[in-house]
Amino acid sequence: GDGVYEFYTIATDRAGNVESAPGSADTSTTIDTVVPITTANYVLKGWQTSDKTITLTPADSSPSSGIEWTKYCTDTTNTCDPASGTTYTTPVTISTEGTNYFRYASKDNAGNIQTTVSKTVMIDKSNPTASVSGAPSGFIVSTAGTTAGVTCTDSFSGCDVSSYKFKFYTSNPGVCSTTYTDYTDVNPVTGHKWVCAAAKDNAGNVGFSSPAEFTIFDTIQSA
């Protein structure tokens, strides 16, 4: 079984003289068949809006032959081999936006290699792009008003449809508010308004539109 084995030898010559018992082992060897374990301080928490730093801690249970190496690699397909990757020496920062895979393993001095561990790191630091849809070209006549919509695009985490909000202005603001809590207005749009939209992505980043003009009359206007 696993353990440290020490070997002692005593020599006897042909005259019958016997060597004194040694005070220490002539040699020893360690049998280690248990793979090392490497832990990471990163726990997946969905989409993140900032870089993430991962610290690895390798351990080899007793009787330990010691850690030969701890290595890691990163990719977007979850297929890279840590053994062919980078030797871990200091905490690793993941900064690339999108879905990344941080893969790692350790090898002990007996040749046991840990099964590769993979951590998913999802980063989205960019605001989505929001715009207002449904604005009439010219004006429309409607006693019920009209419905404004939100168009949102996001390159990484995707748009959160439940986050779409509006703010209506009675004069052209030039630039929409960049305070999400200002967006409390709801459809329909009536009268003469400039409509701004806000949208979040699934990481919590917020995008704001440019104002879109809506002109809705409740009766036909005379020339």
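Strand 15 (residues 159-169) and strand 16 run antiparallel and are joined by seven bridges. The model is predicted. Strand 16 covers residues 191-201, and eight of its eleven residues are buried, so the rest of the structure largely encloses this strand. The points below follow strand 16 and its partners, then an open sheet of five strands, then the surroundings of T38.

**Strand 16 and its partners**

- In the pairing with strand 15, F166 stands opposite A197 of strand 16.
- Strand 16 also pairs with strand 18 (residues 212-217), in the antiparallel sense, over five bridges.
- V195 has A212 of strand 18 as its bridge partner.
- A further antiparallel pairing, of three bridges, links strand 16 to strand 17 (residues 206-208).
- In that pairing, A199 lies opposite G207 of strand 17.
- Strands 16 and 17 form a hairpin with four residues between the strands, and G204 in this hairpin takes a positive phi near 100°.
- As a general point, side chains in a regular strand alternate between the two faces of the sheet.

**The open five-stranded sheet**

- The strand order in this open sheet is 4-11-10-7-8, and the pairing is mixed.
- Strand 4 (47-48) and strand 8 (86-87) are the edge strands; each has a single partner strand, so one side of each lacks a neighbour in the sheet.
- Within the sheet order, strands 10 and 7 stand next to one another.
- Strand 7 (residues 67-75) and strand 10 (residues 98-108) run antiparallel, with eight bridges between them.
- D75 is placed opposite Y101 of strand 10.

**T38 and its surroundings**

- T38 belongs to strand 3, which spans residues 37-40.
- Its relative accessibility is 4%, under the 20% cut-off, so T38 counts as buried.
- The side chain of T38 makes a polar contact of 2.5 Å with the side chain of S106.
- A second side-chain polar contact, of 2.7 Å, joins T38 to Q114.
- Leaving aside residues up to four places away in sequence, T38 touches L56, T57, P58, T70, Y104, A105, S106 and Q114.
- Among these contacts, T70 falls within the range of strand 7 (residues 67-75), while Y104, A105 and S106 fall within that of strand 10 (residues 98-108).

Key
Residues are numbered from 1 along each chain as its sequence is written. This is a predicted model: local features need pLDDT of at least 70, side-chain atom pairs count only at pLDDT 80 or more; totals for chains, interfaces and linings use all residues. Side-chain values use heavy atoms; hydrogens and water are left out. Two strands pair if DSSP finds at least two bridges between them. Helices (H or I, at least four residues) and strands (E, at least two) are DSSP runs, numbered from the N terminus. Buried means under 20% relative accessible area, exposed over 50%, partly exposed in between (1.4 Å probe, protein chains only). A polar contact is a pair of N or O atoms within 3.5 Å; within protein, one must be able to donate a hydrogen and the other to accept it, and residues adjacent in sequence count only if both atoms are side-chain atoms. Contact means heavy atoms within 4.5 Å.
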